[in-house]
Amino acid sequence: MDRYFIALDASLQNDLFKTLKEYFEKAGIEPPHFYTQRKDRNRGFFEVGWLVPLIKDCGVSARWLMTGVGSMFAE
């Protein structure tokens, strides 16, 4: 989950999403669930579907997200 938040922050810093609101809409995330999960990683709101926009729209490597192996962004 730490890699997920790192990749999301990098995607926002690189303007791959203009706002978190845009990301929430693409991922179908309820903002309170996201903020609660970010604050307390053990809360259980996280869903694998949250990764899809990072992989599909931002080019984040699924392999890196799941295993930590390789580069954060797919080549």
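One aromatic cluster brings together Tyr4, Phe5, Phe17, Tyr23, Phe24, Phe34, Tyr35, Phe46 and Trp50. The model in which this cluster appears is a predicted one. A search of the whole structure finds eleven aromatic pairs. In one of them, the ring centres of tyrosine 4 and tryptophan 50 lie 6.0 Å apart and the ring planes meet at 45 degrees, so this pair is classed as tilted. Distant parts of the chain are linked in this way: tyrosine 4 belongs to helix H1, tryptophan 50 sits in the loop between H3 and H4, and the two are 46 residues apart. Both tyrosine 4 and tryptophan 50 are buried.

Helix H1 is a good place to look next. Its twelve residues, 2-13, should span 16 Å at 1.5 Å a residue, and the C-alpha atoms at its ends are 17 Å apart, which agrees. Buried residues of H1 are Tyr4, Phe5, Ala7, Leu8, Ala10 and Ser11. The packing partners of these buried residues are helix H2 (20-27), helix H3 (31-39), helix H4 (52-58) and helix H5 (62-67). Just after H1, a positive phi of about 60 degrees is found at aspartate 15.

The contribution of H1 is also seen in the largest nonpolar core, which has 20 residues. Within this core, the residues with the most contacts are Tyr4, Tyr23, Ile29, Phe34, Leu54 and Val60. At least two core residues come from each of H1, H2, H4 and H5, and H1 supplies the largest share, with five residues. Valine 60 gives a closer view of these surroundings: beyond residues up to four places away in sequence, valine 60 touches Ala7, Ser11, Leu54, Ile55, Leu65, Met72, Phe73 and Ala74. Two of the residues it touches, Ala7 and Ser11, are among the buried residues of H1.

A polar side chain is buried as well. Glutamine 37, in helix H3, has 0% relative accessibility and therefore counts as buried. A polar atom of the glutamine 37 side chain lies 2.8 Å from the backbone oxygen of arginine 41. Leaving aside neighbours within four places in sequence, glutamine 37 is in contact with Met1, Phe5, Asn42, Arg43, Gly44, Phe45, Phe46 and Trp50. Phe5, Phe46 and Trp50, which are among these contacts, also belong to the aromatic cluster.

Notes: Residues are numbered from 1 along each chain as its sequence is written. This is a predicted model: local features need pLDDT of at least 70, side-chain atom pairs count only at pLDDT 80 or more; totals for chains, interfaces and linings use all residues. Side-chain values use heavy atoms; hydrogens and water are left out. Helices (H or I, at least four residues) and strands (E, at least two) are DSSP runs, numbered from the N terminus. The expected span of a helix is 1.5 Å times one less than its number of residues. Buried means under 20% relative accessible area, exposed over 50%, partly exposed in between (1.4 Å probe, protein chains only). Contact means heavy atoms within 4.5 Å. Rings of Phe, Tyr and Trp (its six-membered ring) pair if their centres lie within 6.5 Å; planes under 30 degrees apart count as stacked, over 60 as edge-to-face and the rest as tilted. A polar contact is a pair of N or O atoms within 3.5 Å; within protein, one must be able to donate a hydrogen and the other to accept it, and residues adjacent in sequence count only if both atoms are side-chain atoms. A nonpolar core is a set of buried Ala, Val, Leu, Ile, Met, Phe, Trp, Tyr and Cys residues joined through side-chain atoms within 4.5 Å.
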